[in-house]
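Q: I'm new to this structure and would like a close look at one part of it. Could you walk me through the salt bridges?

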Amino acid sequence: ELNSAAGQGFQLSSARSMADNMKVSFNKLFGDTLCRNEPTNEVGTKHVLEGKQYVGILFGASWSGSCKQFMQPLQQVYKKLIEEKGKSFELVYVPATVPGRPDEDKDSFKELLTMAPWLAVPLHRKSVHKKLTRRFQVRQIPMLVLLDSNGSTVHRDISPAITHIVEDADGDSFADQFPWAEKRNTNVKEMLGDVFVKGDGSQVSIKELEGKHVGILFSTAWHYQCKGFQQMLDYMYEKLKEQGKAFEVIDMDFSPNVPWLCMPQTANEAKQKLGEAFRIEKVPSLVVIDPDGNVVTTEGVEIVNKDTDGECFPWTPKPLYDLSTLEPEILGEMNDTVTCVLLCEGCDEATKAAMAEAMLPVAEEAFNAAKMSGCEAGMLFFTATDTSDVVYQLRLSCELNEPTS
């Protein structure tokens with residue numbers, strides 16, 4: 001869905017009304033009905049989830065071997081939680097939208113519903129599958145998100161525990177841990193340890209990281225893709241140092257040939273916990289945290305590939321962007337998310353500034369709500385202050401005329 005608001009017609013009250021409508025409810029997340037046991041057996045979402053203290057969202061796919069392996073032990077945990085322990089809990093299956101992979105087919109979906117005791121978003125509601133996959137930043141499957149009764153995120157991804165479910169034959173020990181406290185510390189710096197190592201073997205205290213953004217690098221020196229990425233990161237790292245920017249890299253894999261810091265070779269437990277917390281299943285991966293230890297982005301590799309000179313450092317997400325300066329790829333994200341665009345290319349500079357100032361409080365409200373819930377924003381906000389390929393394509397797709405003053 002793509003909403004655009006032309007400059008002169010934009011009213012702050014209408015934008016605030018759109019932001020108010022973003023308040024999470026299970027009906028808005030999943031739709032008015034859910035399936036149980038078979039695709040044609042749809043039940044009211046409000047009826048089956050009302051009063052539930054916790055609701056889990058299981059992202060998976062019938063073609064995934066790891067999802068199939070996960071289903072049976074999860075059924076045991078589900079049964080113990082509801083039938084034996086009387087927990088106020090329900091689970092909703094969502095076919096994940098994974099780029100380059102086939103969509104869930106009708107026969108596979110029907111087979112899954114027959115064997116699974118939980119609910120599912122109907123197969124025909126593909127826009128909801130796509131929306132939820134993006135909202136909860138699904139990168140790999142299976143992925144299990146836990147929400148409370150208000151639809152707020154309790155646990156962004158119980159993936160580290162998935163292995164424990166599979167290994168727990170009867171499901172007892174994992175069920176006893178419900179509701180599965182978040183594995184990732186709020187302050188990621190606390191997970192790094194107190195001491196790091198330079199390439200020459202000398203040690204550096206964590207105090208040296210005070211006031212700095214830190215890139216946590218998951219990489220291996222022998223991997224050809226890691227080698228190529230490390231060269232690009234090395235270039236950006238030196239650029240940022242030359243500019244006096246407060247940035248450091250902590251490499252999980254010690255190497256005497258890198259200019260940044262490395263975790264001690266003996267810090268195996270800390271490395272494992274960090275890998276689990278960020279669900280690192282491929283290398284290279286780069287997680288960027290701010291000086292307070294909060295996660296800025298888990299997409300550091302993509303950032304380094306696009307922002308080679310570090311011009312956008314420290315890459316902190318913003319509530320309001322200028323669409324004129326962004327790359328065409330953002331149009332794909334806009335198609336997946338309710339978007340408010342303030343088209344004001346033809347206005348004078350004072351009017352552009354006034355419109356952006358009027359929109360900012362609404363954008364900040366939506367941005368902060370998403371940040372608190374641990375999800376991506378359910379609504380995006382942009383101004384368009386100048387002509388560009390992206391703005392031109394947007395006007396074309398919305399059948400809008402040339403900008404006016």
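**Salt bridges up close**

A: Let's start with Arg-36, which counts as partly exposed at 21% relative accessibility. Keep in mind that this is a predicted model. Arg-36 forms a salt bridge with Glu-90, and their closest N and O atoms are 3.3 Å apart. Arg-36 sits in strand β2 (residues 33-36) while Glu-90 belongs to strand β5 (residues 89-95), so this pair ties together parts that are 54 residues apart in sequence. Glu-90 itself is buried, with a relative accessible area of just 4%.

That pair has company: searching the whole structure turns up eight salt bridges. Another one of them links Glu-345 and Arg-395, with 2.7 Å between the closest N and O atoms. Here Glu-345 is in the loop between β17 (338-343) and α14 (349-373), and Arg-395 is in helix α15 (residues 389-397), so the bridge ties together parts that lie 50 residues apart in sequence. Both Glu-345 and Arg-395 are buried.

Now for a pair within one helix. Lys-80 and Glu-84 both belong to helix α4 (residues 65-84), where they are four residues apart, or about one turn of the helix. They form a salt bridge too, and the closest N and O atoms are 3.5 Å apart. As for their surroundings, Lys-80 is buried, with a relative accessible area of 12%, whereas Glu-84 is exposed at 54%.

And the general idea behind all this? Side chains of opposite charge can pair when their charged atoms come close.

Conventions
Residues are numbered from 1 along each chain as its sequence is written. This is a predicted model: local features need pLDDT of at least 70, side-chain atom pairs count only at pLDDT 80 or more; totals for chains, interfaces and linings use all residues. Side-chain values use heavy atoms; hydrogens and water are left out. A salt bridge is a side-chain nitrogen of Lys or Arg within 4 Å of a carboxyl oxygen of Asp or Glu. Helices (H or I, at least four residues) and strands (E, at least two) are DSSP runs, numbered from the N terminus. Buried means under 20% relative accessible area, exposed over 50%, partly exposed in between (1.4 Å probe, protein chains only).
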